[in-house]
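Welcome, and please take a moment to look over the sequence and the 3D structure. We will walk through it together, one topic at a time.

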Amino acid sequence: LVAATAHKDYMVRLGIRPDAVFLGYDAVDNEHFRQGAAAARSDADSIRLRRGMPERYLLASGRFIAKKNFPRLVHTFAQALKMADHGHHLVILGDGEERKAIEAAIAEFSLVDRVHLPGFRSYDELPAWYGLSEGFVHVSLTEQWGLVVNEAAAAGVPLVVSRPCGCSTTLVSPGENGWLVDPEDMTGMAEAIAELMSLSPERRAEMGSASEHIVADWGPERFASGLHGAVEIA
């Protein structure tokens, strides 16, 4: 039982029969994030005020460890603001050993007022943070899958995702719901983020709907079906 097609191809290269490999392993409760995001949007001003959210922001989320590439994301965001500054902030949820490196990058590029580190947020709070963002950015150097991308997609927002993430080719369709980027190419990442920040509200909503549609096939039902199939053939 593996995540998606790329993972199946790898298993087949290792010698496992194609008909003995099933998909769906990496999934989240899509409805939790879809419904929570919709509820947040219906009461956006109140929730922003209560939770200290910027008016316009892009969201990133994950453990503060080296492979998540957050210091480079801060640098890239600084570059993107020079290309297209529409008043966006960057919010990075999480915490960990790389916090000082992230804070140093924020200070280096004079972004103390534009990049925010609120810490971890509970499972119940997360849909609102996703839903009120104007896009989700996940530029890890390496990632087996990246469940935060599932969560963002289910919340209905456009995505910027690095190609080494296992979910990238499954959950991101370039030009439809987001951008695929090289996590070490800061110019390419900055251009994608600048394009994301420059979307019209209508286009942003279209891309968010596409994210919801794409991730709808990768929920608990798909996991259960894949697991059932794998057990039966075993």
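How many disulfides does the count come to? The count comes to zero disulfides. Keep in mind as you look that this is a predicted model, and that a disulfide is a covalent bond between the sulfur atoms of two cysteines.

To see why, turn to Cys-165. The closest cysteine sulfur to that of Cys-165 belongs to Cys-167, and the two are too far apart for a bond because they are separated by 5.3 Å, whereas a disulfide needs sulfur atoms within 2.5 Å. From the other side, Cys-167 is in no disulfide either, its nearest cysteine sulfur being that of Cys-165, 5.3 Å away. Are these cysteines buried or exposed? Cys-165 is buried, with a relative accessibility of 2%, and Cys-167 is buried as well, with a relative accessible area of 0%.

Let us move on to charged side chains that pair up. The count of salt bridges comes to 13, and a few of them make good stopping points. One of them joins the side chains of Glu-31 and Arg-34, with 2.6 Å from N to O. Where do these two partners lie? Both Glu-31 and Arg-34 belong to helix α2, which covers residues 30-42, and they sit three residues apart, about one turn of the helix. Glu-31 is partly exposed, with a relative accessible area of 37%, and Arg-34 is partly exposed too, at 33%.

Another salt bridge brings together the side chains of Arg-99 and Asp-95, at 3.5 Å from N to O. Here Arg-99 counts as partly exposed with 23% relative accessibility, and Asp-95 is partly exposed with a relative accessible area of 29%. Further along the chain, Arg-121 forms a salt bridge with Glu-125, and their closest N and O atoms are 3.9 Å apart. A salt bridge needs a nitrogen and an oxygen within 4 Å, so this pair is counted. Arg-121 is partly exposed at 27% relative accessibility, and Glu-125 is partly exposed at 25%. Salt bridges can also be linked to one another: Arg-56, Glu-134 and Arg-204 are joined in a network of them.

Next, look for charges that gather on the surface. Which residues form a patch of negative charge there? They are Asp-182, Glu-184, Asp-185, Glu-191 and Glu-195. You can find Asp-182 in the loop between β6 (178-181) and α9 (186-197). This residue, Asp-182, counts as partly exposed, with a relative accessibility of 38%.

The surface also has a nonpolar patch, made of Leu-1, Tyr-25, Leu-227 and Val-231, with about 360 Å² of accessible area together. Tyr-25 is a handy landmark within the patch: this residue is in the loop between α1 (5-13) and α2. Tyr-25 is partly exposed, with a relative accessible area of 46%.

Now for the backbone. Most residues other than glycine have a negative phi. Against that background, Asn-69 is worth a look, since this residue is not a glycine and yet has a positive phi of about 70°. Asn-69 is in the loop between β1 (57-61) and α4 (70-83), and it is buried, with a relative accessible area of 4%. Ser-110 is another residue that is not a glycine but has a positive phi, of about 55°. The place to look for Ser-110 is the loop between α5 (99-108) and β3 (115-119). Is Ser-110 buried or exposed? Ser-110 counts as exposed, at 63% relative accessibility.

Our last stop is Asp-217, in the loop between α10 (201-215) and α11 (220-233). Asp-217 counts as partly exposed, with a relative accessibility of 43%. How many residues apart in sequence are Asp-217 and Arg-13? They are 204 residues apart in sequence, and in space their C-alpha atoms are 25 Å apart.

Technical notes: Residues are numbered from 1 along each chain as its sequence is written. This is a predicted model: local features need pLDDT of at least 70, side-chain atom pairs count only at pLDDT 80 or more; totals for chains, interfaces and linings use all residues. Side-chain values use heavy atoms; hydrogens and water are left out. Buried means under 20% relative accessible area, exposed over 50%, partly exposed in between (1.4 Å probe, protein chains only). Patches are made of residues with over 30% relative accessible area and no salt bridge: like charges are joined within 9 Å, nonpolar side chains (Val, Leu, Ile, Met, Phe, Trp, Tyr) within 5 Å. Accessible areas come from the Shrake-Rupley method with a 1.4 Å probe; for residues, only the protein chains shown count as cover. Lys and Arg count as positive and Asp and Glu as negative; His and the chain ends are not counted. The place of a charge is taken as NZ of Lys, CZ of Arg, CG of Asp or CD of Glu. Helices (H or I, at least four residues) and strands (E, at least two) are DSSP runs, numbered from the N terminus.
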